[in-house]
Amino acid sequence: MKVTKAGIKHSQLPRTEGSMQKNSAEREGYAGACGPAKITETDSTNVNESVGGLLEQIVSKNNLNEAFKRVKANKGSHGIDGMKVDELLQYLKENGETLRESILEGKYHPNAVRRVEIPKENGKKRNLGIPTVVDRVVQQAIAQVLTPIYEKQFSENSYGFRPKRSAHDAIKKSQGNIQEGYKYVVDMDLEKYFDTVNQSKLVEVLSRTVKDGRVISLIHKFLKAGVVVKHKMEETEVGVPQGGNLSPILSNIMLNELDKELANRGHRFVRYADDLLIFCKSRKSAERTLTNILPFIEKKLFLKVNREKTVVDEATRVKFLGFSFYRQKGRAKVRIHPKTIAKMKARIKELTSRSSGRGNEARVDQLKRYIMGWTNYFKIADMKSLLRSTDEWMRRRIRMIYWKQWKRVRTRYAKLKSLGIRSHQAREFANTRKGYWRTSNSPILTTSLENNTLKEQGFLFFSDYYRQVAT
């Protein structure tokens, strides 16, 4: 494939009418994409080879309608053309049939993705590539057709980005392996996996199953579409842009090669996307497993292993998907890793900062959404005592916010009286010289802004929500 670059220009496809279904706006969904950055492709794949008619399935009206609904529901940011998800439906109505024809004729070219950097826990940045909303519809349409085909091939030990599988399933499987005596693990770290996937190898793997050369060519175009970084176009010779609708299934297709190799060698393992644990019964066995599998990963799959972060250790000492494991009375159990707890408390501290500028209603809403999301994810862990202590600390921080907001002595006096404190005691409390943090844990506020009062203000606490969702 040859790629040339000559800036970023795009224009809408000509409008066509009468090509859309009439049932409802939400069920309509055929798009014309903006023209790509000037990329000329000459692919060795036979783009005219249409074995199986897979491309026709991808561009079928029902499949594209479903793809549109998924993209709309996921929302997300705009791509390099600036088009927002809310503008997508009208655009698709006007250009749907033209898009289908351009894909079938091999004339469709995706736009470059927009680079977005997301901070990681270690201070580094994770690169995301945000496709245009129209390109996301096409990617989603491809993924919907490929998923049932590859689900039959994927390993039972693979859990990431797959239907009816979750991180909880991966953790429970790991817990079961530990319980059965596999006490040591190879904690594999694939360095910048999405950024370093060998595209030629990926296309080779795809071609073993996908016999419609037009589909292979279309996917290859997405891989080669390029990325815009600070208004400059950069070619993408390696990697799968993390952030597109295709990247999850493409990453699983590539790493399924590793899954098959591990299974053929008789290893127990659990993989969630590029997070991988290989379970062994002894340290020596784990060290031998690591030594033996490295050549396959690096020389056969052409992936990079981070030697510093890839470790052999006791299963109870590793962090996996935010969780960790421990043994109690001969049973393997699940808890939350200390680094995850620290990250959670840092976020709570940020949301309960006295100088954040948030109003109380916004603070209540943000805390509620964070607590619900966090608890739903970690609810399978043993964490009752952790949540109780966290709630006590969080309530103290909330009381401190109110005390600062009241500021003046007369305001504090009036607020304390309204909360049921007797007049003489309210006057004494209002004139305290204690600092904010000390006051937050004193009878001044623990008897006025007591737990039920805070709940009446709309605050949600971890323990209360955990009791609702824990099974």
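## A walk from the sheet to a pocket and a buried threonine

Start by selecting helix H9 (residues 247–264): helix H9 lies across strands E6 and E7, running at about 170° to E6. Helices (H or I, at least four residues) and strands (E, at least two) are DSSP runs, numbered from the N terminus. Axes are lines fitted to C-alpha atoms, for helices over the stretch in contact, and angles run from 0 to 180 degrees between N-to-C directions.

Before you click on, note that this is a predicted model, where local features need pLDDT of at least 70 and side-chain atom pairs count only at pLDDT 80 or more, while totals for chains, interfaces and linings use all residues. Residues are numbered from 1 along each chain as its sequence is written, and side-chain values use heavy atoms, with hydrogens and water left out.

Next, add helix H10 (residues 283–300), which packs on the sheet and touches E3, E7 and E8 (contact means heavy atoms within 4.5 Å); the direction of H10 makes about 25° with that of E3.

Now show the sheet itself. Its 4 strands form an open sheet in the order E6-E7-E3-E8, with antiparallel pairing; two strands pair if DSSP finds at least two bridges between them. At the edges you will find E6 (268–272) and E8 (311–314), each pairing on one side only. On average, neighbouring strands here are turned by 25° against each other, direction ignored. Zoom in on E3 (residues 184–189) and E7 (residues 275–280), an antiparallel pair with 6 bridges. There, Tyr 184 stands opposite Cys 280 in E7.

Then look for the second largest pocket. A pocket is an open set of points on a 1 Å grid over the protein atoms alone, with a 1.4 Å probe fitting and protein on both sides within 12 Å along at least five of seven lines; lining residues have an atom within 4 Å of a point. Of its 25 lining residues, select Arg 70, Gln 140, Ala 143, Asn 245 and Pro 248, which lie nearest the centre. Helix H2 (61–74), helix H4 (133–151) and H9 each give two or more residues to the lining, and H4 supplies the largest share, 7 residues.

For the last stop, select Thr 375 in helix H12 (residues 360–378). Thr 375 is buried, with a relative accessible area of 0%; buried means under 20% relative accessible area (1.4 Å probe, protein chains only). Leaving aside neighbours within four places in sequence, Thr 375 is in contact with Met 383, Phe 462, Tyr 465, Tyr 466 and Val 469.

Methods:
Buried < 20%, exposed > 50% of the residue type's maximum accessible area, 1.4 Å probe, protein only.
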